[in-house]
Amino acid sequence: MVAAIAAGRAGAAVTVLEKGDRVGRKLLATGNGRCNLTNVDLRLSHFHCNQPEFVRGALSRFGAFQAISFFAKLGVLAIVEEKGRVFPRSGQASAVLDALRWEMEDLGVEVRCGSIVKEVLRSENRFSVRTSAGQQMVSADAIVLATGGRAAPSLGADDSGMLVALSLGHSLVQTFPVISSLRLASPWLKHLQGTRFLTAATIRVDGEIATASFGEALFLEQGASGPAVMDVCRIATQGVRAGKTVELCLDLVPEAGVGQVRQELERRLVMRPDRPIAAMLVGYLNKRLVVPLLRAADLPDLDQPGRNLTGDQLARLALVLKDWRFPVTGSGPWSAAQATAGGIDTVDVHPDTLESRLVPGLHFAGEVLDVDGDCGGYNLQWAWASGFVAGDAAARLT
Ligand SMILES: Cc1cc2nc3c(=O)[nH]c(=O)nc-3n(C[C@H](O)[C@H](O)[C@H](O)COP(=O)(O)OP(=O)(O)OC[C@H]3O[C@@H](n4cnc5c(N)ncnc54)[C@H](O)[C@@H]3O)c2cc1C
């Protein structure tokens, strides 16, 4: 949509071919319906691509300020929240979509829904596009392929656009789900499923700390999710894919050091020395976490009274509360993911125009490319920035 607007503003006659029955379906789901539309901290380290410098071209032309002012000019005012995240002031993703749709309409952009792009052919400096709708090819001087990634197939995502690019000679960096849940190996997951808690989540790869995040986490039947886990999912999945040993380490008492946790456990033991040891943790942690934690601390007889705990056992339990480890076996499914790592290889794309180096006139925008951003507005920022640059460049060829 931003590519269509940029091309329309540059004077091109634009047609949007959309597979679904409406444009921008995924946009409505973003930011839990609030649309985290960009982030004021756009350091390149928040973006991931086989060529880390690739994103610089589009982001330097269309950064967070340009995104905020682009939407302000369309009537969508923004507010900045914690960690630099920018949301529409109205708190509604639908306002962002309305503004984009109306601007396309005002520019005379033709939108054809229910048109799945099946094939793109190039001959004599023109493109012919075969879609699922009707026999007639759509012809164009230039094309922007903005078909998104594979995350959230229920919202219409698939790899059909990537296949079109492959058929034109482009290559693909292998894709995997990011900003997603993690699959864990633990016999306790069925018991823990549905339990939410605040945590500092750390990923260890071959024993070394690789990344960490703080926030809410949630156990699932086969793993864990929630913002803290989604933040660290990319590095964990990369490690697993590289054949390394990856662990998710949960700190259940991030506000205290291990010594303080031990003191608190001792204080709680003195309160109820004759109750079973599990009673010691009730009111300190979510009850569903208690038995698996005691087991992880290697406390075998959970029915024994708290006063029987040895100093060593108490110290072990304090350590587990601060560093509860789970082997990671991979990322969750595409349905749980918010973005796609990998995509069309950027080596064959000009960073300043997003035009193909292999097929003149073909441009790329958004998640279809091998670019993904951290959680926090980075993926939409990439979609707007690359869309703007690609649409503008494509229009100059018409
Ligand atoms: C639940 C959820 C929440 C998210 N929240 C945020 C957030 O708050 N902030 C953020 O920055 N990012 C967020 N993201 C990520 C963000 O939505 C995507 O990175 C962004 O939408 C990518 O934009 P895009 O235009 O490249 O692709 P998309 O938004 O996926 O759009 C691609 C469009 O192309 C159409 N299409 C695909 N193939 C074809 C074809 N062959 N022919 C015709 N049409 C086709 C699709 O139907 C779709 O409408 C979230 C993602 C999800 C799933």
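The following questions and answers concern the ligand site, a pocket and a cavity of this predicted model.

In this predicted model, local features need pLDDT of at least 70 and side-chain atom pairs count only at pLDDT 80 or more, while totals for chains, interfaces and linings use all residues. Residues are numbered from 1 along each chain as its sequence is written, and side-chain values use heavy atoms, with hydrogens and water left out.

User: Which helix gives the largest share of the shell around the ligand?
Analyst: A residue is near the ligand if one of its heavy atoms lies within 4 Å of it, and helices (H or I, at least four residues) and strands (E, at least two) are DSSP runs, numbered from the N terminus. Strand 1 (15-18), helix 2 (25-29) and helix 12 (378-395) each supply at least two residues of the shell. The largest share, four residues, comes from helix 12.

User: Which residue has a polar side-chain atom 2.5 Å from an oxygen atom of the ligand?
Analyst: A polar contact here is a pair of N or O atoms within 3.5 Å. The side chain of Ser160 places an N or O atom 2.8 Å from a nitrogen atom of the ligand, and a backbone N or O atom of Gly377 is 3.4 Å from a ligand oxygen atom. The polar side-chain atom at 2.5 Å from a ligand oxygen belongs to Glu367.

User: Why does the second largest pocket lie between two domains, and which are they?
Analyst: A pocket is an open set of points on a 1 Å grid over the protein atoms alone, with protein on both sides within 12 Å along at least five of seven lines, and lining residues have an atom within 4 Å of a point. This pocket is lined by 25 residues, of which His46, Thr211, Asp231, Asp374 and Cys375 lie nearest its centre. Helix 8 (227-241) is among the elements that supply at least two lining residues. The pocket lies between the domains because both give residues to its lining, namely domain 1 (2-178 + 340-395) and domain 2 (181-332).

User: What is the volume of the largest cavity?
Analyst: A cavity is a set of grid points where a 1.4 Å probe fits but cannot get out, and a volume is the space filled by probe spheres set on the points. A search of the whole structure finds one cavity of 30 Å³ or more. The lining of the largest cavity includes Arg268, Arg272, Arg275 and Gly306. Its volume is about 40 Å³.

Note on methods
A polar contact is a pair of N or O atoms within 3.5 Å; within protein, one must be able to donate a hydrogen and the other to accept it, and residues adjacent in sequence count only if both atoms are side-chain atoms. Domain bounds come from an automatic or database domain assignment.
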